[in-house]
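Visitor: Hey, I've got this one open on my screen. Could you walk me through it?

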Amino acid sequence: MPSRSAHLLQLTALLPFAVGLWLSFAGLAAAQEGEEADTEEAGEQLEEVERALERDRERARELEEQAESLRTEIQDVRQESVEVAGSVQELESEITQLELLLAVHHVQALRLDVSLTRRKSQLGDTLAALQRIAVFPPDAVLGAPGQPLDSLRSAMLLSETIPQMEEQAATIRRELEEQQALENEILSQRDKLTERRSQLEDQQQQLERLAERKRALEEEARAERARTEERLEELAGQADDLRDLIARLEAEAERERKRRAAEARAAAEAAARAQRLREEAQRAEEERRADQERAKQEAEAAEQEAEEARERQQAALPSRPPSNLRNFPDQPGGLVMPARGSITAGFGDRHPHLEGEDSEGVILRTRKAAQVVAPFDGKVAYAGPFRRYGLILIIEHDERYHSLLAGFDRLTAEAGQWVMAGEPVGSMKETGDEDPELYIELRRAGQPIDPLPWLETSRNEAQG
């Protein structure tokens, strides 16, 4: 049996090993406690990130609701503008008819005036002659100097002239009564014209207020519109003709559609990646702190990317088309005549203002300051000056059809804006010696076509 000293020596030899083992266990416990503390801290940080994400989602939902409310209000204002613009055009037509009627009445009054003057002159000459004949009473005619036959002729002339004078007097009375009735009618028509002009002024003021309201509602989209206008001005400066301009605008619109689609896909992919990273972070709560920190950083980066994509989508919300936007008709007909007036040059006719060129559209002569409306639903691709055409407006109805209007004095529509059929887009000149002319052009796949068949519902009114 080993001695007591040997046991002591063995214990002494094992003491450093036991102390080291105890220290190892203590270090392991401390490390385990440290890892648990790190895990708890990472969990708290992850919960804070998720709370921040939820707040951002709530804010995004609020912005979406605000954008939807803005689109609804803009759509209501646009519909009301269409109705008021139609009323303005009806008043313009009625005022034009009243002005023509007054002009006809004035001509009739002048004719009656000339007729009355002539008849009064004739009657005065006749009365003077009768007075000279009546100087001699009937009994003295036979005893008057001269030939008896001359005296007899005078008496017969006197007897025949009196009925004619009575008839002329009756005619003068009728013409006087007719003149009085015509003057009363002119006064009535003038009062009616004054009333209609006052109504037209009220309607135009209301239309102006609606336009101001619409401009105020669309203020949030002006940054994007400004960028669109800059791009369009650059394109307009590079275009050689209208066909080249429209081709470039179509390419720009296609790139814009692809960009929005790519941003939408990027936002969806970023959101999916963020969801996967959050699930990985939850499963990795018991892993090392370095892995949790890396997963948290990746989740934050992905969420930042998703937030930027959502912000880009939110900035593009005001440019979405209205919910009730219609497709362009497959057959001719269904377009609104942009203004009231008469057609002075048709499609293919010799252009009255461009020497040696045929018209690729139609020319409509309007009244001064006439209201111009959109012929069909679509997006304003260009609004502004263009070379010799002055102020022009190009509306993209779909990928194939575009309409072009030129000859404005003032434009109320802007590039990038969605418009509905009948919505006011500008007005014609209100000064000058001649009535203004509106140039109307319709293009399919970049080629001009006759717009009149597509405006068939208003053709008769336009030609009247």
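Guide: Sure, we'll go through salt bridges, strands, backbone angles and a charged patch, keeping in mind that this is a predicted model.

Visitor: Let's start with charges. How many salt bridges are there?

Guide: The count comes to 30 salt bridges.

Visitor: What does arginine 255 pair with?

Guide: Arginine 255 meets glutamate 252 in a salt bridge, at 2.7 Å from N to O. Both sit in helix α5, three residues apart, which puts about one helical turn between them.

Visitor: And are those two buried or exposed?

Guide: Arginine 255 is partly exposed, with a relative accessible area of 48%. Glutamate 252 is buried, at 14%, because anything under 20% counts as buried.

Visitor: What about arginine 326, which residue does that one bridge to?

Guide: That's aspartate 377, and the closest N and O atoms are 3.0 Å apart. Arginine 326 is in the loop between α6 and β1 (341-345), while aspartate 377 is in the loop between β3 and β4 (378-385), so this pair ties together parts that are 51 residues apart in sequence.

Visitor: Is aspartate 377 buried or exposed?

Guide: Buried, at 2% relative accessibility. Its partner, arginine 326, counts as partly exposed at 41%.

Visitor: I also see arginine 350. What is its partner?

Guide: Arginine 350 forms a salt bridge with aspartate 358, with 3.6 Å between the closest N and O atoms. Here arginine 350 counts as exposed at 54% relative accessibility, and aspartate 358 as partly exposed at 45%.

Visitor: Which residues are linked in a network of salt bridges?

Guide: Glu208, Glu212, Arg215 and Arg410 are linked that way. Arginine 410 also turns up in a strand pairing, where it stands opposite serine 427 in β9.

Visitor: OK, switching to strands then. How do β7 and β9 pair?

Guide: β7 and β9 (residues 424-427) are antiparallel and pair over two bridges. They belong to an open sheet of three strands, in the order β3-β9-β7, with antiparallel pairing. The edge strands are β3 (371-373) and β7 (410-411), each pairing on one side only.

Visitor: And what holds paired strands together, generally?

Guide: Strands of a sheet pair through backbone hydrogen bonds, in a parallel or antiparallel way.

Visitor: Now β10. Which strands does it pair with?

Guide: Its partners include β2 (residues 362-366), antiparallel over four bridges. Another is β6 (residues 401-408), joined to β10 by six bridges and also running antiparallel. Then there's β11, antiparallel to β10 over three bridges.

Visitor: Can you give me some residue pairs to click on?

Guide: Try isoleucine 363, which stands opposite tyrosine 439 in β10. Tyrosine 401 has arginine 444 in β10 as its bridge partner. Arginine 444 also has a bridge partner in β11, namely glutamine 447.

Visitor: Why is β10 described as largely enclosed?

Guide: Because six of its eight residues are buried, β10 is largely enclosed by the rest of the structure.

Visitor: What do β10 and β11 form together?

Guide: They form a hairpin with two residues between them. Alanine 445 is in that turn, with a positive phi of about 55 degrees. Alanine 445 is exposed, too, with a relative accessible area of 57%.

Visitor: Where is arginine 387, and what is its phi near?

Guide: Arginine 387 is in the loop between β4 and β5 (391-396). Its phi is near 50 degrees, a positive value in a residue other than glycine.

Visitor: Back to charges for a sec. Which residues form the negative surface patch?

Guide: Glu40, Glu41, Glu44, Glu47, Glu285, Glu286 and Glu287 make up that patch. Glutamate 285 lies in the loop between α5 (242-283) and α6 (289-316), and it is partly exposed, with a relative accessible area of 36%.

Visitor: Last one: where does glutamine 97 lie?

Guide: Glutamine 97 lies in helix α1 (residues 4-133) and counts as exposed, at 57% relative accessibility. Its C-alpha is separated by 9.6 Å from that of leucine 193, and the two residues are 96 apart along the chain.

Notes:
Residues numbered from 1 in each chain as written. Predicted model: local features only at pLDDT ≥ 70, side-chain atom pairs only at ≥ 80, totals over all residues. Heavy atoms only, no water. Patch = residues over 30% accessible without salt bridge, like charges linked within 9 Å, V, L, I, M, F, W, Y side chains within 5 Å. Areas by Shrake-Rupley, 256 points an atom, 1.4 Å probe, with all protein chains shown as cover. Salt bridge = Lys/Arg side-chain N within 4 Å of Asp/Glu carboxyl O. Lys, Arg positive; Asp, Glu negative; His and termini not counted. Charge placed at Lys NZ, Arg CZ, Asp CG, Glu CD. Buried < 20%, exposed > 50% of the residue type's maximum accessible area, 1.4 Å probe, protein only. Pairing = 2+ DSSP bridges.
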